Amino acid sequence: MTGFLSTLITNKYLYLFIISMMPIVELRGGVPIGAAMGLPFWQVYLICVLGNLLPVPFLIKFAKAVLTFLAKKQIFGGFFQRIMDKANEKALSIGRYELLGLCLFVAIPLPGTGAWTGSLVATALQLRLLPSLAAITVGVLISGLIMGGVSFGLVGMLDLLVA
């Protein structure tokens with residue numbers, strides 16, 4: 001375990017990848033951390049997008065069953081029931097343009113609007129896996145560009161395109 005932690009600390013890209021996989025933090029935290037580390041934008045962007053998207057298919061496929069199981073547990077069931085209720089509430093706000101709404105929902109870099117919540121919303125809406133994954137992927141790509149613009153500065157990003 002100590003070897004893994006030392007590798008994680010010394011390997012900045014692995015660190016960003018794992019941060020971007022985590023709920024709540026996701027890519028919205030990974031990109032600014034990569035910028036603070038002084039890493040190049042496109043490398044940070046690619047690593048954070050891949051890290052953020054890795055759990056999505058599993059979340060869409062298994063989230064409802066896991067949350068339903070956990071919501072029935074006496075000790076912490078209320079917490080997981082609130083998560084399901086929140087996802088259902090978000091699903092209702094997306095409306096009939098489900099996939100476009102899901103994409104835009106994930107693209108807006110605000111707390112509670114990332115790929116994890118988007119996956120729960122897709123599950124609550126009973127959307128198919130591949131269309132949901134595509135909508136969430138586009139949303140994450142857009143969110144990464146927005147976070148990159150904020151974290152690296154638009155001028156810094158444009159300099160990278162020209163170089």
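## Fold, aromatic cluster and cysteines of a helical chain

Of the contacts in the chain with a separation of 6 or more, 68% are accounted for by residues 24 or more positions apart. The model is predicted. Its secondary structure comes to ten helices and zero strands, and the pattern along the sequence reads α-α-α-α-α-α-α-α-α-α.

**Surface and burial**

The chain has 163 residues, and buried residues make up 41% of them. Its accessible surface comes to about 9,300 Å². Carbon and sulfur atoms hold 73% of that surface.

**Aromatic pairs**

The count of aromatic pairs comes to four. One of them joins Phe-41 and Trp-42, whose ring centres lie 4.6 Å apart; the planes meet at 70°, so this pair is edge-to-face. A pair is given that label when its planes are over 60 degrees apart. Trp-42 also pairs with Tyr-45: here the ring centres are 5.6 Å apart and the planes stand at 85°, so the geometry is again edge-to-face.

Where do Trp-42 and Tyr-45 lie with respect to each other in helix α4? The helix covers residues 41-53, and because the two residues are three positions apart within it, about one helical turn separates them.

Ring pairs link Phe-41, Trp-42 and Tyr-45 with Phe-152 into a cluster. Relative accessible areas for members of this cluster, including Phe-41, Trp-42 and Tyr-45, and for two cysteines are tabulated below.

| Residue | Relative accessible area | Class |
|---|---|---|
| Phe-41 | 0% | buried |
| Trp-42 | 38% | partly exposed |
| Tyr-45 | 10% | buried |
| Cys-48 | 0% | buried |
| Cys-103 | 10% | buried |

Within the cluster, Phe-41 is buried at 0%, and Tyr-45 is likewise buried at 10%. Trp-42, which pairs with Phe-41 and with Tyr-45, is instead partly exposed at 38%. The cut-off for buried is under 20%, and partly exposed residues fall between that value and 50%; the 38% of Trp-42 therefore places this residue in the intermediate class.

**Cysteines**

How many disulfides does the chain contain? The count comes to zero. A disulfide is a covalent bond between the sulfur atoms of two cysteines. In the model, a pair of cysteine sulfur atoms must lie within 2.5 Å to be counted. Cys-48 is buried, with a relative accessible area of 0%. Cys-103 also counts as buried, because its relative accessibility of 10% falls under the 20% cut-off.

Notes:
Residues numbered from 1 in each chain as written. Predicted model: local features only at pLDDT ≥ 70, side-chain atom pairs only at ≥ 80, totals over all residues. Heavy atoms only, no water. Buried < 20%, exposed > 50% of the residue type's maximum accessible area, 1.4 Å probe, protein only. Phe/Tyr/Trp six-rings, centres within 6.5 Å; stacked < 30°, edge-to-face > 60°. Helix = DSSP H or I, 4+ residues; strand = E, 2+ residues; numbered from the N terminus. Contact = heavy atoms within 4.5 Å. Areas by Shrake-Rupley, 256 points an atom, 1.4 Å probe, with all protein chains shown as cover.
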